[in-house]
Amino acid sequence: MSIVLAFSGGLDTSFCVPYLRESYGEPVYTATVDTGGSDSETLLSTRSEALGAAGHFHVDATEALFTQHLKYLIMGNVLRGGVYPLCVGAERYVQAAETVSVARKVGASAIAHGSTGAGNDQVRFDVVARMLAEDLKIITPIREHGFTREYTTAFLRERGHDVPSTTTRYSINDGLWGTTIGGRETLTTREPLPDAAYPNTCAPHEAPSAPATVMISFHQGVPIALDADRMDPVPLIRYLNELGGRHGVGRNIHVGDTILGVKGRIGFEAPAALILITAHRELEKTVLTKWQRYQKSHLSDFYGMLLHEGQYFDPVMRDIEAFLDSSQAVVSGEVTVQLNHGHIQVQGVHSPYSMFDTGVATYGEVSALWDGADARSFSKLSGVQAYLAYKARQNS
């Protein structure tokens, strides 16, 4: 029998190839599930072969990632802690499911991944694997033995495999929805990451002096065009990542609650995610009622929390997705944004469903629906309950 390893080509999964082969005496196949990372299929296949894998599989899952996950993160304007656009969490569901598919294809008896015992990814991967393939053994060498990055680096170098020093210093996950960076500085809350730790974006102070302006078109909550040029979502996101990265957009550090209950800190760069969420949120302000947006904000926050914590397959997630789909019926139009030295600023919004109707009223100016007497009466009535509560407490 054989083992199928979820393979990113990074330090941890590179270590796992020779370690699994030596420890279990079984052929090890690597499976790279492409969710938008920068490493090419050829580079990963070559590295897999050099590490001693029996074979390599490459699965392009970017479309599935968008359809199953990213479109709902956009519809929900999901930012964990108001900051982090869940760059990694959604990827793990797709990667785990496709790794199981490869294991079925080769008739493997086990699947393996390189997660540590201290992070969130182990939970996400294990939940999916147990749900889809409870008959397969799950092997996690680094989690099981607590190997450090220094140990795995030395293990590979002893066997003649090159390991760049930056690989040991920083753990980087590169994907379509953004890149996360972990290292010494993220082990505490005191220090920022150095500019050199961010692999795909320039520092805001080094961005071009002239800002970039782009018009994003949405149809029912989904981005469909840039500057009136129709684009499929995946290349559209790739383009915004490149454009935003050149203008220093998308860098930040997030402190949050991990699935295991401790606090965690991670650096990230996610130009496209932050550009699209900023634009989509402003479009929604124009076309949705205040109660739609109020209810959406609660459900979207809950949705993001469950996705982050490995609960994608709970039926409540399909219920929330149905709500999000319904809420986007009129979220269509164009949003113009400016990217300038790390900042994203909405310049304007246009939609055929806009509730910004100057034919009815202009805020602070005139109204065709009521007169001064109506407004005076409304103002008096709108404060009745607060007035009664105030009086009651004054008399007690």
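**Close-up views of a predicted model**

**View 1. Strands E13 and E14 make an antiparallel pair.** Seven bridges join strand E13 (residues 333–340) to strand E14 (residues 343–350) in this predicted model. Look for Asn340, whose bridge partner in E14 is His343. The hairpin has two residues between the strands, and His341 takes a positive phi there, near 50 degrees.

**View 2. Five strands line up in an open, parallel sheet.** Reading across, the order is E3-E2-E1-E4-E5. Strand E3 (55–60) and strand E5 (137–139) sit at the edges with a single partner strand each, so one side of each has no neighbour in the sheet. Ignoring direction, neighbouring strands here are turned by 25 degrees against each other on average. For a closer look at one pairing, find strand E1 (residues 3–6) beside strand E2 (residues 28–34): these two run parallel and share four bridges. Within that pair, Val4 stands opposite Tyr29 in E2.

**View 3. Helix H2 lies across two strands of the parallel sheet, E2 and E3.** The helix covers residues 41–51 and runs at about 155 degrees to E3.

**View 4. Asp34, in strand E2, is a buried acidic side chain.** Which side chain of opposite charge is nearest to Asp34? That would be Arg238, but at 4.9 Å away there is no salt bridge. The cut-off for a salt bridge is 4 Å between a side-chain nitrogen of Lys or Arg and a carboxyl oxygen, so this pair doesn't count. What the Asp34 side chain does reach is backbone: the nitrogen of Gly36 is at 2.8 Å, and the backbone nitrogen of Gly37 lies 3.5 Å from a polar atom of the same side chain. Setting aside neighbours within four places in sequence, Asp34 touches a run of residues: His58, Val59, Asp60, Ala61 and Thr62 are in contact with it.

**View 5. Four strands build an open antiparallel sheet.** The order this time is E6-E7-E12-E11. Which strands stand at the edges? They are strand E6 (171–175) and strand E11 (251–257); each has a single partner strand, so one side of each is left without a neighbour in the sheet. From one strand to the next, the twist averages 25 degrees. At the E11 end, pairing with strand E12 (residues 263–269) is antiparallel and takes in seven bridges. One of the bridge pairs to pick out is Asp257 with Lys263 in E12.

Methods: Residues are numbered from 1 along each chain as its sequence is written. This is a predicted model: local features need pLDDT of at least 70, side-chain atom pairs count only at pLDDT 80 or more; totals for chains, interfaces and linings use all residues. Side-chain values use heavy atoms; hydrogens and water are left out. Two strands pair if DSSP finds at least two bridges between them. Axes are lines fitted to C-alpha atoms, for helices over the stretch in contact, and angles run from 0 to 180 degrees between N-to-C directions. Contact means heavy atoms within 4.5 Å. Buried means under 20% relative accessible area, exposed over 50%, partly exposed in between (1.4 Å probe, protein chains only). Lys and Arg count as positive and Asp and Glu as negative; His and the chain ends are not counted. A polar contact is a pair of N or O atoms within 3.5 Å; within protein, one must be able to donate a hydrogen and the other to accept it, and residues adjacent in sequence count only if both atoms are side-chain atoms.
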